[in-house]
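Dear colleague,

I am handing over the structure below, and after it you will find an account of what turned up when it was examined. Please read the account with the structure open beside you.

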Amino acid sequence: MDPYRKNNQALWNEWTRINAASTMYRLDEFIAGENKLNPLEISEVGPVAGRSLLHLQCHFGMDTLSWARLGANVTGVDFSDEAIRLAQKLSQQTGLPGRFICCDLYDLPQHLTEAFDIVYTSYGVLSWLPDLPNWAKLAARYLKPGGIFYIAEFHPLSMMLDETAEQPVLRYPYFKEGPVEFAVQGSYADPTAECAVKTEYDWFYTLEGVITSLLAAGLKLEFVHEFPYTVYPQLPYLVRGEDGYWHMPPHQPALPLLFSIRAQK
Ligand SMILES: C[S@@+](CC[C@H](N)C(=O)[O-])C[C@H]1O[C@@H](n2cnc3c(N)ncnc32)[C@H](O)[C@@H]1O
C-alpha cells in the first residue's frame with residue numbers, strides 16, 4: 001500500500017472511534033433496531049431479501065447490517081481494522097448475520113473469490129481511491145451475471161465548494177490529479193474530537209471518470225441520477241428539509257449534491 005493510503009488507514013482507525021461515539025451516527029438507535037439506510041438507496045437498490053450483497057468500504061458495518069435487517073446476506077469490506085472489529089461486534093450484539101473482511105479494496109481478490117447479486121457502496125468512498133478504472137473492474141468482477149452494481153455518492157461538484165464558507169463559494173478544482181493533502185480537524189462526524197492523525201490524502205473524481213470506468217469494466221448503466229440534496233450537513237449553510245435530507249438554502253441556486261448510479265453485469 002502506498003504511504004498516502006497507509007496514512008488514510010490510520011486516520012480511518014481514529015475516525016472509527018470518533019464516529020462510533022458521535023451523534024451523527026447514533027449507534028444506539030441502530031442497536032435498538034433502527035435501519036440506518038436512507039430511503040434513497042433503499043428504493044433505488046430495490047428488494048434485497050434473500051440476495052447476496054457485497055458492501056465495498058463498509059466503515060463499521062452499520063449500513064451493511066442495515067441491509068441484513070432487510071433480509072440480505074451481507075459481506076462488508078474495509079481497510080480499517082478498528083472499523084471491521086466494530087462491525088463484527090455489532091453483528092454479534094444485534095444478532096444480524098454478516099461477514100466482514102479487513103483489507104485494502106485493491107487486495108480483495110486475495111481474500112474473496114465468490115460472486116454476488118448486488119455490489120453496493122456509498123457516501124464518501126471515491127475520494128479515497130487512487131484508481132477508479134481498477135475499482136470499477138473489481139465491482140464488476142464480484143457480480144454474478146445479471147447482478148446489480150449500485151453507488152450513491154457525494155456529487156463531485158459539491159466537493160468543489162468551500163466547506164468553511166457561509167455561502168456557496170468555489171474553492172477546489174473539478175479536474176485535479178491526486179493525491180492532495182488536506183489538514184484534518186477532528187472527524188466529519190465530530191470536528192471537535194481529538195484526532196491523532198493530522199492529514200488526509202484525497203483523490204478528486206469526476207462524474208465522467210466514474211461512468212467511463214464502469215462502462216470500461218463491462219457494466220451496463222441502468223441510470224445515473226443527480227440530486228439537489230445530501231445526506232448530512234457537509235456544508236455549513238445547508239438546511240434540513242421535511243424529507244430529512246440537507247438542501248441548499250431557499251435563496252441559493254440548487255446544485256447537485258449527490259449522484260447515484262445503478263448498473264448491471
Ligand atoms: C466515508 S466511509 C464510508 C461511509 C459509509 N457510507 C458509512 O457512513 O458507514 C469510507 C470508508 O472507506 C474506507 N476506505 C478508504 N480507503 C480504503 C481502501 N483503499 N480500501 C478499503 N477501504 C477503504 C474507510 O476505512 C472508511 O471506512
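A pocket here is an open set of grid points with protein on both sides within 12 Å along at least five of seven lines, and its lining residues are those that have an atom within 4 Å of a point. Please keep in mind throughout that this is a predicted model.

With that definition in place, the second largest pocket has a volume of about 290 Å³, and its lining is made up of 16 residues, among which K176, E177, G178, F204 and Y205 lie nearest the centre. Sorted by class, that lining holds 10 nonpolar, 3 polar and 3 charged residues. G178, one of the residues nearest the centre of this pocket, is also joined to P179 by a cis peptide bond, with omega near -5°, and P179 itself lies in the loop between β5 (143-154) and β6. Most peptide bonds are trans.

Two further backbone features sit in the loop between β1 and α4, where both Q57 and H59 are found. Q57 has a positive phi of about 55° although it is not a glycine, and H59 likewise has a positive phi, of about 50°, without being a glycine. Most residues other than glycine have a negative phi. Q57 has a relative accessible area of 17% and is therefore buried, the cut-off being under 20%, and H59, with a relative accessible area of 12%, is buried as well.

Helix α4, which spans residues 62-69, is mostly covered, since 7 of its 8 residues are buried; these are M62, D63, T64, L65, S66, W67 and A68. The helix is followed by G71, whose phi is positive, near 105°.

As for the interior, the largest nonpolar core has 70 residues, and those with the most contacts inside it are L126 and W135. Leaving out residues up to four places away in sequence, W135 touches L56, L105, Y106, T121, L126, L129, F149, I151, V210 and L214. A second, separate core of 10 residues includes W12, F79, V184 and A193. In soluble globular proteins, nonpolar side chains tend to be buried together.

Two polar side-chain pairs may also be of interest to you. Is S187, which lies in the loop between β6 (180-183) and β7 (199-202), buried or exposed? S187 counts as buried because its relative accessibility is 2%, and the cut-off for buried is under 20%. Its side chain is joined to that of N19 by a polar contact of 2.6 Å, and, not counting residues up to four places away in sequence, S187 touches W15, I18 and N19.

The other pair involves H225, which is found in strand β8 (residues 220-227). H225 counts as partly exposed because its relative accessibility is 30%, a value between the limits of 20% and 50%. A polar contact of 2.7 Å joins the side chains of H225 and E44, and, leaving aside neighbours within four places in sequence, H225 is in contact with E44, L258, F259 and S260. The C-alpha atoms of H225 and Q185, which are 40 residues apart along the chain, are separated by 32 Å.

With kind regards

Terms used
Residues numbered from 1 in each chain as written. Predicted model: local features only at pLDDT ≥ 70, side-chain atom pairs only at ≥ 80, totals over all residues. Heavy atoms only, no water. 1 Å grid on protein atoms, 1.4 Å probe; cavity = no way out; pocket = protein on both sides within 12 Å on 5 of 7 lines; lining within 4 Å. Points joined across faces, edges and corners; volume = space filled by probe spheres on them. Nonpolar A, V, L, I, M, F, W, Y, C, P; charged D, E, K, R; others polar. Buried < 20%, exposed > 50% of the residue type's maximum accessible area, 1.4 Å probe, protein only. Polar contact = N/O pair within 3.5 Å; in protein donor to acceptor, adjacent residues only side chain to side chain. Contact = heavy atoms within 4.5 Å. Core = buried A, V, L, I, M, F, W, Y, C linked by side-chain atoms within 4.5 Å. Helix = DSSP H or I, 4+ residues; strand = E, 2+ residues; numbered from the N terminus.
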